[in-house]
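Q: Could you take me through one part of this structure closely, the surface near the DNA strand, and then place it in the wider picture?

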2 protein chains.
Amino acid sequence: MREVADLAGVSKITVSRLLRDPDSVSKKLRPRVEAAIRELGYVPNRIAGGLASMHTQIIPVIVPALTNSVFADIVQGVHDVLLSRGYQILLGNTNYSPDEEESLISAFLGWFPEGIIVTGTHHSAKGRTILQTSGIPVVEVMGLGDQPVDMNVGFSNFQAGYEMAGFLVERGYRSIAFVGALMDMDLRAAERRDGCRAALAERGLPENLGMDCPGRSTLRLGGEAIVSVLEKTPEVDAVFFANDVLAVGAILECGRLGWDVPERVAIAGFNGLDIGAEINPALTTVISPRYQMGYMAAEMLMNRLEGISLDTSVIDTGFEIVERQST
Amino acid sequence: MREVADLAGVSKITVSRLLRDPDSVSKKLRPRVEAAIRELGYVPNRIAGGLASMHTQIIPVIVPALTNSVFADIVQGVHDVLLSRGYQILLGNTNYSPDEEESLISAFLGWFPEGIIVTGTHHSAKGRTILQTSGIPVVEVMGLGDQPVDMNVGFSNFQAGYEMAGFLVERGYRSIAFVGALMDMDLRAAERRDGCRAALAERGLPENLGMDCPGRSTLRLGGEAIVSVLEKTPEVDAVFFANDVLAVGAILECGRLGWDVPERVAIAGFNGLDIGAEINPALTTVISPRYQMGYMAAEMLMNRLEGISLDTSVIDTGFEIVERQST
DNA sequence: TTTTTTACTGTTACCGGTAACAAATATTGC
DNA sequence: GCAATATTTGTTACCGGTAACAGTAAAAAA
């Protein structure tokens, strides 16, 4: 910047001003400085700028696993808002571990970010404390909590589970199994299960017919799960899967085994992945507004940072049950 | 850091040393300083540290679209290497646009990253120049180019297309159509197409039976494409899709229409997504080592940064054709 | 004991920008 | 035309660390 300033015959601060707010520099000087910048191929150092201004324009985004398209969609939504405003995304992946999340949060805080976006409302106690005392805006996205750290965008997984279970009961199913995978780690799935159970219990129906599979959700696992559930508890007439991946895997397995869906067993999923709409039979599921959640979370954060007062710090995006042929 | 130093009765630099290399501080002092750090809840400012040391430990990763699981897998691989070594990932999404890629590269360079990972070997002319003159290690991941900017990890899409076409011919198919989507943007898909054409041309078979769909790859689009191709050119006996999403969509559509796969038409895909192995009929495809490519790219970069000399700056990861029931 | 070496700690300057205020120039009003 | 005000530019200090070198204390060698 020194060199640019000298070449243009101005002071450093004038160069700095031109870069950040061209209007604050007179029309006479502008072309001279711009030419100098171009000639020297000058790229301002944002690290230095961040230190001096105490504004890093860094936003860490922490998700459980990028390979799960659900979270990739969220990050994409966040990305689309932030990048256009000059903010940078620091990406972190917890592998569904609260401890890893905690250490990521600590590490990211060292970059003095201006805000932070985390997934869900379940954190380690210490992680939560760190977030609360960090002094920066925090958005918890995806799950809706009863006492968010700060801002919160998402929907109630409990409610979604509850309503889908109610929906299945309405359709006449009476032995409904909830099947998830690693629900001790995937706490949002556990909430859906709890919602499902609550709905079944209310209606006096059996609530413990499902299972918690020991492995991350894959199509294969879904296929194995439905076989296992129907062997153990043949009376099951509907299976509500914690996510579409498992559900689609189950539908495909039923196809291979010649089991009629939904005659022999109805299947419902969660998330609203594209594949659910295309397979045969098409999957009844709960569509979650993933991209929108990411987008809204980022916008909420931007508004806060720009000092725009928010009418609310919690947005319930809701969800949508779509009935297709699998129920 | 000043406060910590005062509290512990040492100088700033001692605190700095303890944090970066505890062994460089005497055993006597260590507990005192550590206690001070804890008591004040001190978090070192990496922005300041980066500026002073000129080592930011920042690595931008630029992909075309995170929502495409192919790239999410790559980023995951990169993440797993970098985070454990204290590096941070700055994420960028180009939407398959070389111009957006260019502007992302420029923007990221302002953070004075220590290296950069980009997708593929196709960049805008200016983007390429910027990368080359940036003075930092660059890894192009996924595609294999004849003249990489710097390091390169991936496989030849042309070769993959070529071999899959050869494979189909060997299986007896003679009217092979290549179907992709937005191949003017997805240049890697275009390379696969070109490889396919080359293989067909060599054998004197028709090479222009396919189509380039006007929209991003979705299951739906794949379904529409196969109908459209078979209507226009009923003689087609095999369709090689640019990716598994399209191919799976086609298989599902054939299922709905009662068209026998592979009797009426054989279908092949590309990437090796899980769903391809599970649907009926299971999809013949080319498996690409996505996670590994990301992992290796990051490791290569780390080695370079740590001064470990590399035996080669180009790694051909290869690919694998898996035959399943759809051909 | 004295000298030399080693291990640790501190001092000073600087990384590359920006904030805050001061100075200079241009514009406006009377 | 001159003071008052607005606009533009510059000066200085500082953001929070680290590099490089200097200094001091402890250990080893003479």
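A: Happy to! Sorted by residue type, the surface near DNA strand D holds 12 nonpolar, seven polar and three charged residues. Please keep in mind that this is a predicted model.

In total, 22 residues surround DNA strand D. The closest of them are S26(A) from chain A, together with M1(B), S16(B), A48(B) and A52(B) from chain B. Both chains also take part through their helices: α2 (12–20) and α4 (46–53) of chain A, and α2 (12–20) and α4 (46–53) of chain B, each supply at least two residues of this surface. The most comes from α4(B), which gives five residues.

Now for how the two chains are arranged. A turn of 180° with a shift of 0.0 Å along the axis lays chain B on chain A, with an RMSD of 0.1 Å. The two copies are therefore related as by a two-fold rotation axis. The same surface serves both copies, as 100% of the contact residues of chain B recur in chain A. Among the residues of chain B, L90(B) comes closest to the rotation axis, its C-alpha lying at 2.4 Å.

Finally, the cores. The largest nonpolar core has 108 residues, and V239(A) and V239(B) have the most contacts inside it. Leaving out residues up to four places away in sequence, V239(B) touches A177(B), V179(B), I226(B), V229(B), A250(B), V265(B) and I267(B). Another core, of 86 residues, lies apart from the largest one; V78(A), Y87(A), I105(B) and M300(B) are among its members.

Key: Residues are numbered from 1 along each chain as its sequence is written. Chains are lettered from A and ligands numbered from 1 in the order in which they are written. This is a predicted model: local features need pLDDT of at least 70, side-chain atom pairs count only at pLDDT 80 or more; totals for chains, interfaces and linings use all residues. A nonpolar core is a set of buried Ala, Val, Leu, Ile, Met, Phe, Trp, Tyr and Cys residues joined through C-beta atoms within 7 Å. A residue is buried if 20 or more other C-beta atoms lie within 10 Å of its own, exposed if 12 or fewer, and partly exposed in between; C-beta atoms are placed from the backbone. Two residues are in contact if their C-beta atoms, placed from the backbone, lie within 7 Å. A residue is near a molecule or strand if its C-beta atom, placed from the backbone, lies within 6 Å of it. Helices (H or I, at least four residues) and strands (E, at least two) are DSSP runs, numbered from the N terminus. Ala, Val, Leu, Ile, Met, Phe, Trp, Tyr, Cys and Pro count as nonpolar, Asp, Glu, Lys and Arg as charged, and the others, Gly among them, as polar. Copies are superposed by least squares on the C-alpha atoms of residues with pLDDT of at least 70 in both.
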